[in-house]
Amino acid sequence: MVTEFRWNKPIPQIAKEATGGRRTLLFMANEARRLMSPYVPARDMILDRNVRTYVEDGSGVVHYLSPYARYQYHGLLMVSRITGSPWAKRGESKVLLGIPLNHSGSRHPLATAEWDKAMMTAKGGAYTQAVQNYIRRKG
């Protein structure tokens, strides 16, 4: 006896719908942002508060909007080509010196460069569990 089974929708679409699609991706981005917060350098809290989460091209995105976010994320000192100061004027380009930034002045004692990786190392299990719980509640 042979049994034939046909899906009414493509399998990737079924998987996407079963996991919640865009809503789940947005939840994942918001949860990652929440769990990353203690690892984001935050002397004045602007970087940690100036964040947008959204879904783009099938992925959840956590976008830090401050102009210095990339500089802080990579954790290496950059200075003005003109003055040699880390406080460059608008429009001035900077030079990467390769000297690690010191995050000791941050309000977040766990602050570090590449805070997404630090969060996943420390809280990856909690993140995964939160996403699984969200999918189960939506299912």
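These exercises work through the fold, the hairpin, the core and the last helix of a predicted model.

Residues are numbered from 1 along each chain as its sequence is written. In this predicted model, local features need pLDDT of at least 70 and side-chain atom pairs count only at pLDDT 80 or more, while totals for chains, interfaces and linings use all residues; side-chain values use heavy atoms, with hydrogens and water left out.

**Exercise 1. Lay out the secondary structure.**

Step 1. Take helices as DSSP runs of H or I with at least four residues, and strands as E runs of at least two, numbered from the N terminus.
Step 2. Count them: five helices and four strands.
Step 3. Read along the sequence: the pattern is α-α-α-β-β-α-β-β-α.

**Exercise 2. Describe the pairing of S1 and S2.**

Step 1. Two strands pair if DSSP finds at least two bridges between them.
Step 2. S1 (residues 51-56) and S2 (residues 59-64) run antiparallel, joined by six bridges.
Step 3. Pick one bridge: Arg 52 has His 63 in S2 as its partner.
Step 4. Inspect the turn. Two residues separate the strands of this hairpin, and Asp 57 there has a positive phi of about 50°.

**Exercise 3. Find the largest nonpolar core and its main contributors.**

Step 1. Buried means under 20% relative accessible area, exposed over 50%, partly exposed in between (1.4 Å probe, protein chains only). Of the 139 residues, 31% are buried.
Step 2. A nonpolar core joins buried Ala, Val, Leu, Ile, Met, Phe, Trp, Tyr and Cys residues through side-chain atoms within 4.5 Å.
Step 3. The largest such core has 17 residues, with the most contacts inside it made by Met 36, Leu 47, Tyr 64, Trp 115 and Met 119.
Step 4. Helices H2 (21-36), H4 (69-74) and H5 (115-138) each give two or more residues to this core. H5 supplies the largest share, six residues.
Step 5. Zoom in on Trp 115. Leaving out residues up to four places away in sequence, its contacts (heavy atoms within 4.5 Å) include Met 36, Leu 47, Tyr 64 and Tyr 73.

**Exercise 4. Compare the span of H5 with that of a straight helix, then locate its kink.**

Step 1. Expected span is 1.5 Å times one less than the number of residues.
Step 2. For 24 residues, a straight helix would span 34 Å; H5 spans only 29 Å between its end C-alpha atoms.
Step 3. The bend at a residue is the angle between axes fitted to the seven residues ending there and the seven starting there. H5 has a kink of about 85°, centred on Lys 123.
Step 4. List what H5 buries: Trp 115, Met 119, Gly 124, Tyr 127, Ala 130, Val 131 and Tyr 134. These residues pack against H2, H3 (46-49), S2 and H4.
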